[in-house]
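I set aside some time to go through this structure and to note down what I looked up, entry by entry. The notes follow the order in which I took the questions.

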Amino acid sequence: MHVIERFVILLYDRTSKCKDVNKARKKLFAKKSSVQNIPPTYAALEQHVKRSALQGGHVWGQALVPEPVLPPPTDWGWHRSDDGPYTPLWTTLPEASKTCYELVSCGCKKGCRNRCKCKKASLQCTGLCFCEGECQ
């Protein structure tokens, strides 16, 4: 996993000396300040590697076997709820909007009303909001 982590860091910043993908995320976000230009978290990368290993090692590795014996996908980066279809387990981390309330901001121009993101999340508007927290 260390080699894959280093490889992914170099995909996003070829001059980086970082070996920890989470530290590289912080540094790149500080430089580029865009989530589209930073690598995935370690937790997300780990789940992706698991799904890739399942596909390449187990599924393709037994492509010519008449009755392949495959491990349960839920051990390899997939999630299944109540006999529904398998869906990718993107990360084991909690959703940022549920843990980082300070990242929620609204774009209200004429006072905050029903469509305000902050009000929907039961939060006060802040200086990050378009209204700069002055609409209360």
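**Entry 1: Glu95**

I began with the accessibility of Glu95 and found that this residue counts as partly exposed, because its relative accessibility is 49%, and partly exposed covers the range between under 20% for buried and over 50% for exposed. I should record at once that I am working from a predicted model. As to its place in the chain, Glu95 sits in the loop that lies between β2 (87–88) and α4 (96–99). I also looked up its separation from His79: the two residues are 16 residues apart in sequence, and their C-alpha atoms are 16 Å apart in space.

**Entry 2: Ser16**

I then turned to another loop residue and asked myself: is Ser16 buried or exposed? Ser16 is buried, since its relative accessible area is 11% and the cut-off for buried is under 20%. I located Ser16 in the loop between α1 (2–12) and α2 (21–32). Its side chain reaches the backbone nitrogen of Cys18, at a distance of 3.1 Å. When I left aside the neighbours within four places in sequence, I found Ser16 in contact with Arg6, Ile9 and Leu10.

**Entry 3: α1 and α2**

Next I looked at the helices on either side of that loop, and how they are oriented to each other. The axes of α1 and α2 come within 10 Å and cross at roughly 10 degrees. The two helices α1 and α2 are therefore roughly parallel to each other, as angles under 35 degrees are counted that way. I listed the residues that make the contact as Glu5, Ile9 and Tyr12 on the α1 side, with Val21, Ala24, Leu28 and Lys32 on the α2 side. Sorted by class, this contact of α1 with α2 has five nonpolar and two charged residues, and no polar ones.

**Entry 4: α1 and α3**

My last query was the packing of α1 against helix α3 (residues 42–59), where the angle is about 115 degrees and the axes are 11 Å apart. That makes α1 roughly perpendicular to α3. I noted the handedness as well: the crossing of α1 and α3 is right-handed. Here Ile4, Glu5 and Val8 of α1 meet Tyr42, Leu45 and Val49 of α3. By class, I recorded five nonpolar residues, one charged residue and no polar residues for the contact of α1 with α3. Reading back over the entries, I see that Glu5 is listed in the contact with α2 and also meets α3.

Conventions. Residues are numbered from 1 along each chain as its sequence is written. This is a predicted model: local features need pLDDT of at least 70, side-chain atom pairs count only at pLDDT 80 or more; totals for chains, interfaces and linings use all residues. Side-chain values use heavy atoms; hydrogens and water are left out. Helices (H or I, at least four residues) and strands (E, at least two) are DSSP runs, numbered from the N terminus. Buried means under 20% relative accessible area, exposed over 50%, partly exposed in between (1.4 Å probe, protein chains only). A polar contact is a pair of N or O atoms within 3.5 Å; within protein, one must be able to donate a hydrogen and the other to accept it, and residues adjacent in sequence count only if both atoms are side-chain atoms. Contact means heavy atoms within 4.5 Å. Axes are lines fitted to C-alpha atoms, for helices over the stretch in contact, and angles run from 0 to 180 degrees between N-to-C directions. Angles under 35 degrees count as roughly parallel, over 145 as roughly antiparallel, 65 to 115 as roughly perpendicular and the rest as oblique. Ala, Val, Leu, Ile, Met, Phe, Trp, Tyr, Cys and Pro count as nonpolar, Asp, Glu, Lys and Arg as charged, and the others, Gly among them, as polar. A crossing is left-handed if the near helix is turned anticlockwise from the far one by less than a right angle, and right-handed if clockwise.
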